[in-house]
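I wanted to work through this chain from its sheet outward and write down what I looked up at each step. These are my notes, in the order in which I took them.

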Amino acid sequence: MSESFNIVRESFKGPFVGRIIEGFPYPAKDCRYCYSQLILEQAVHVQGQEEVYKALFFCHNDDCPAYNEPARKQYAKVYYSCDEAFDRLEMLRIMANQKTR
Ligand SMILES: [Zn+2]
């Protein structure tokens, strides 16, 4: 689980970080383990087409059964606004990773 978490984090690095748009109608998501509302941590939008985006949510409940105390890992969820977002933003991630190496 910790490995997949790091992959999630990794996919939000690079030139697409820090694009949470204020006032944007992000969906409310609940943790599948403790049903707390997840906190939006990061979002990546397609430029000029902001409705196409992916968002990273974390569970911030310390009592969450998915929370791993020693490793400080939380439940994380990646949300894609549509199939197009998945196709385009997954591709962006791959390109970004190749650029930095
Ligand atoms: Zn939780």
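**Sheet, lysine and core**

I began with the strand pairing, and I found that β2 and β3 run antiparallel and are joined by 5 bridges. I keep in mind throughout that this is a predicted model. Within this pairing, I noted that A55 stands opposite Y79 in β3.

I then looked at the other side of β2, where β1 pairs with β2 in the antiparallel sense over 7 bridges. The hairpin of these two strands has 2 residues between them, and I recorded that G48 takes a positive phi near 80° there.

Putting the strands together, I have an open sheet of 3 strands in the order β1-β2-β3, with antiparallel pairing. Because β1 and β3 (76-80) stand at the edges with a single partner strand each, one side of each is left without a neighbour in the sheet. I also took down the twist, which averages 20° from one strand to the next.

For the chain as a whole, I counted 2 helices and 3 strands, and from the N terminus on the elements run α-β-β-β-α. Of its 101 residues, 21% count as buried.

Next I turned to K54, which has its place in strand β2 (residues 49-58). Is K54 buried or exposed? I count K54 as buried, because it has 24 C-beta neighbours inside 10 Å and the cut-off for a buried residue is 20 or more. Across the strand pair, V44 stands opposite K54. Leaving aside neighbours within four places in sequence, I listed the contacts of K54 as V44, V78, Y79, Y80, A85 and L89. For one of these, Y80, I looked up the separation: Y80 and K54 are 26 residues apart in sequence, yet 4.4 Å apart in space, C-alpha to C-alpha. In the chain at large, 57% of the contacts between residues at least 6 apart in sequence join residues at least 24 apart.

Last, I looked at the largest nonpolar core, which has 14 residues, and found that Y53, A55 and F57 touch the most other members. At least two residues of this core come from each of β1 (39-46), β2 and α2 (83-100), and β2 gives the largest share, 5 residues. I wrote beside this that nonpolar side chains tend to be buried together in soluble globular proteins. For Y53, not counting residues up to four places away in sequence, I noted that it touches A43, V44, H45, V46, S81 and A85.

Terms used. Residues numbered from 1 in each chain as written. Predicted model: local features only at pLDDT ≥ 70, side-chain atom pairs only at ≥ 80, totals over all residues. Helix = DSSP H or I, 4+ residues; strand = E, 2+ residues; numbered from the N terminus. Buried ≥ 20, exposed ≤ 12 C-beta atoms within 10 Å, placed from the backbone. Contact = placed C-beta atoms within 7 Å. Core = buried A, V, L, I, M, F, W, Y, C linked by C-beta atoms within 7 Å. Pairing = 2+ DSSP bridges. Axes fitted to C-alpha atoms, helices over the stretch in contact; angles between N-to-C directions.
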